[in-house]
Amino acid sequence: MKALYLLFRKHRRENITLISLRLWIDKVEYQCNLSVVSNPRINKLNGHSARVGALAWNGDILSSGSRDRLIIQRDTRTPAQQSERRLVGHRQEVCGLKWSPDNQYLASGGNDNRLYVWNQHSLNPVQSYTEHMAAVKAIAWSPHHHGLLASGGGTADRCIRFWNTLTGQPMQCVDTGSQVCNLAWSKHSSELVSTHGYSQNQILVWKYPSLTQVAKLTGHSYRVLYLALSPDGEAIVTGAGDETLRFWNVFSKARSQKENKSVLNLFTNIR
């Protein structure tokens with residue numbers, strides 16, 4: 001587990017931005033210089049009347065969620081008014097959006113403690129889940145089990161809940177003890193990572209479906225608000241209110257490839 005701290009300076013020359021970086025990884029200093037070409041803005045999308053706190057891409061379709069309680073879907077290849085779809089359902093700010101792996105369904109979470117599932121043919125949600133007791137910001141679709149959706153609740157809820165969107169039925173639930181800020185599934189095994197805020201500011205790795213903890217990662221001193229998975233699916237980077245980015249190796253591709261698998265068992269990806 002490594003912590004990354006960085007400082008940067010920007011120098012502009014015409015349309016090129018030169019960035020000088022100084023990084024400290026495990027107290028070792030590194031320096032590098034980057035040049036970034038500044039391209040002109042290709043589009044500006046209006047429509048929301050309040051801040052936009054959630055975005056989700058589905059090919060050329062961009063979905064945005066706002067404090068104005070709307071979800072707007074736009075095809076970025078066409079003029080905004082021609083391709084715009086407005087999804088009305090949440091009663092408070094939309095704070096989480098995520099498309100399913102097959103690009104057919106959009107899950108949305110809001111400060112109204114509700115989790116909705118939408119398809120591409122209706123302006124009304126096809127499923128509604130109301131079991132969370134706080135805002136739903138953390139949402140993740142399983143890449144291994146078709147229709148399996150995970151969601152995490154805020155400080156008054158603290159739970160990760162699992163839903164079978166094929167039947168509309170709730171499944172497992174685990175109380176994490178802290179606000180759930182982010183969720184992400186491993187690409188290689190049936191495991192899930194969650195990041196947390198008040199009060200423990202930790203990162204947890206879970207097995208599914210047993211929901212046993214594989215790892216507990218600490219280091220951040222404030223809420224872990226941001227999470228991104230590396231392209232190879234083995235590492236994550238987290239960002240927190242303590243103004244640090246931290247890199248963690250949490251998922252092993254090689255380890256998951258050694259598992260014995262049966263086509264008859266839905267959950268053989270667990271290590």
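Q: In what sense do strand 13 and strand 14 pair, parallel or antiparallel, and over how many bridges?

A: The general idea is that two strands pair if DSSP finds at least two bridges between them. Strands (E, at least two residues) and helices (H or I, at least four) are DSSP runs, numbered from the N terminus. Here, strand 13 and strand 14 are antiparallel partners joined over five bridges. For a register point to find on screen, look at S151, which stands opposite R161 in strand 14.

Q: Before we go on, what kind of model is this?

A: This is a predicted model, in which local features need pLDDT of at least 70 and side-chain atom pairs count only at pLDDT 80 or more, while totals for chains, interfaces and linings use all residues. Residues are numbered from 1 along each chain as its sequence is written, and side-chain values use heavy atoms, with hydrogens and water left out.

Q: Thanks! In what order do the strands of the open sheet run?

A: Four strands form the open sheet, in the order 12-13-14-15, with antiparallel pairing. Strand 12 and strand 15 are at the edges with a single partner strand each, so one side of each has no neighbour in the sheet.

Q: How many bridges join strand 12 to strand 13, and how many join strand 14 to strand 15?

A: Strand 12 pairs with strand 13 over five bridges, in the antiparallel sense. On that side of the sheet you can locate V136, which faces G153 of strand 13. Strand 14 and strand 15 also run antiparallel and are joined by five bridges. There, C159 has D175 of strand 15 as its bridge partner.

Q: Is strand 14 mostly covered or mostly open?

A: Relative accessible area decides this: buried means under 20%, exposed over 50%, and partly exposed in between (1.4 Å probe, protein chains only). Strand 14 is mostly covered, with five of its six residues buried.

Q: What should I look for in the hairpin turns of this sheet?

A: Check phi. The hairpin of strand 13 and strand 14 has five residues between the strands, and R158 takes a positive phi near 70° there. The next hairpin, made by strand 14 and strand 15, has four residues between them, and its turn contains G168 with a positive phi of about 80°.

Q: And which residue takes a positive phi in the hairpin of strand 18 and strand 19?

A: L211 does, near 60°, in a hairpin with five residues between the strands. Strand 18 (residues 203–207) and strand 19 (residues 213–217) run antiparallel and are joined by four bridges. V205 is found opposite A215 of strand 19.

Q: Let's turn to charges. How many salt bridges does a search of the whole structure find?

A: Side chains of opposite charge can pair when their charged atoms come close. The working rule for a salt bridge is a side-chain nitrogen of Lys or Arg within 4 Å of a carboxyl oxygen of Asp or Glu. With that rule, the search of the whole structure finds seven.

Q: R158 came up in a turn; which residue is its salt-bridge partner?

A: R158 pairs with D175, and their closest N and O atoms are 3.0 Å apart. This pair links distant parts of the chain, 17 residues apart: R158 is in the loop between strand 13 (148–153) and strand 14 (159–164), and D175 belongs to strand 15 (residues 169–175). R158 counts as partly exposed because its relative accessibility is 30%, and D175 is also partly exposed, at 45%. Elsewhere, salt bridges that share partners join R51, R67 and E93 into one network.

Q: Where does R77 sit, and which part of the chain does its bridge to D60 reach?

A: Start with the contact itself: R77 and D60 form a salt bridge whose closest N and O atoms are 3.4 Å apart. R77 lies in the loop between strand 6 (70–75) and helix 1 (80–83), while D60 lies in the loop between strand 4 (52–58) and strand 5 (61–66), so this pair links distant parts of the chain, 17 residues apart. R77 also forms a salt bridge with D75, where the closest N and O atoms are 2.7 Å apart.

Q: Which of R77, D60 and D75 count as buried, partly exposed or exposed?

A: R77 counts as exposed because its relative accessibility is 61%. D60, at 35%, is partly exposed, whereas D75, at 14%, is buried.
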